[in-house]
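Please open the model in your viewer and keep a residue selection tool at hand, since the stops below are given as selections to make in turn.

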Amino acid sequence: MNTLTILALSWQHILIVAVLLVLLFGGKKIPELMRGVGSGIKEFKDAVKEEDKPGAEKKTTPTDVNNPSGN
């Protein structure tokens, strides 16, 4: 049994999912939903890039402020 065949979506499946999304959220709400998803992905990518920069400072969290020794 090929697991990739089980997970593959045909155009019929994608069409059914699209119709269900329109029925659930309506035509006006879908662009707002996609815009929110896109901005979330962008923020995640920016955070990953910022963390990968050499010499990036470690941000302190409330637990670091309360217990600076790290114990």
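The tour goes from the whole chain to individual helices and then to single side chains.

**The whole chain**

Begin with the protein chain in a cartoon view, bearing in mind that this is a predicted model. The chain holds four helices and zero strands, and from the N terminus on the order of its elements reads α-α-α-α. If you switch to a surface view, the protein chain exposes about 7000 Å², of which carbon and sulfur atoms supply 66%. Of the 71 residues in the chain, 0% are buried.

**Colouring by confidence**

Next, colour the chain by pLDDT, which averages 78, with 66% of the residues scoring at least 70. Select residues 29-52 to see helix H3, the element with the highest mean pLDDT, at 90, and then residues 62-66 for helix H4, which has the lowest, at 58. Where pLDDT is low, the predicted coordinates should not be read in detail.

**Helix H2 and the residue after it**

Now select residues 11-25, which form helix H2; its 15 residues reach 21 Å from the first C-alpha to the last, close to the 21 Å expected at 1.5 Å a residue. Extend the selection by one residue to Gly 26, just after H2, where phi is positive at about 85 degrees.

Within helix H2, pick Leu 21. Is Leu 21 buried or exposed? Its relative accessible area is 35%, so Leu 21 counts as partly exposed. Apart from neighbours within four places in sequence, Leu 21 is in contact with Gly 26 and Ile 30.

**The nonpolar patch**

Keep Leu 21 selected and add Val 17, Leu 24, Phe 25, Leu 33, Met 34, Val 37 and Ile 41, which together with Leu 21 make a nonpolar surface patch of about 730 Å². Helices H2 and H3 each supply at least two residues of this patch. One member to inspect on its own is Ile 41, found in helix H3; Ile 41 is partly exposed because its relative accessibility is 45%.

**The salt bridge**

For the last stop, show the side chains of Lys 29 and Glu 32, which form a salt bridge whose closest N and O atoms are 3.6 Å apart. The count for the model comes to one salt bridge. Side chains of opposite charge can pair when their charged atoms come close.

Why are Lys 29 and Glu 32 separated by about one helical turn? The two residues are three residues apart in helix H3, and therefore about one turn lies between them. An α-helix has 3.6 residues a turn, so residues three or four places apart point the same way. Both partners also keep some solvent access in the model: Lys 29 is partly exposed at a relative accessible area of 46%, and Glu 32 is likewise partly exposed, with 44% relative accessibility.

Methods:
Residues are numbered from 1 along each chain as its sequence is written. This is a predicted model: local features need pLDDT of at least 70, side-chain atom pairs count only at pLDDT 80 or more; totals for chains, interfaces and linings use all residues. Side-chain values use heavy atoms; hydrogens and water are left out. The expected span of a helix is 1.5 Å times one less than its number of residues. pLDDT is the predictor's confidence in each residue, from 0 to 100. Patches are made of residues with over 30% relative accessible area and no salt bridge: like charges are joined within 9 Å, nonpolar side chains (Val, Leu, Ile, Met, Phe, Trp, Tyr) within 5 Å. Accessible areas come from the Shrake-Rupley method with a 1.4 Å probe; for residues, only the protein chains shown count as cover. A salt bridge is a side-chain nitrogen of Lys or Arg within 4 Å of a carboxyl oxygen of Asp or Glu. Buried means under 20% relative accessible area, exposed over 50%, partly exposed in between (1.4 Å probe, protein chains only). Contact means heavy atoms within 4.5 Å.
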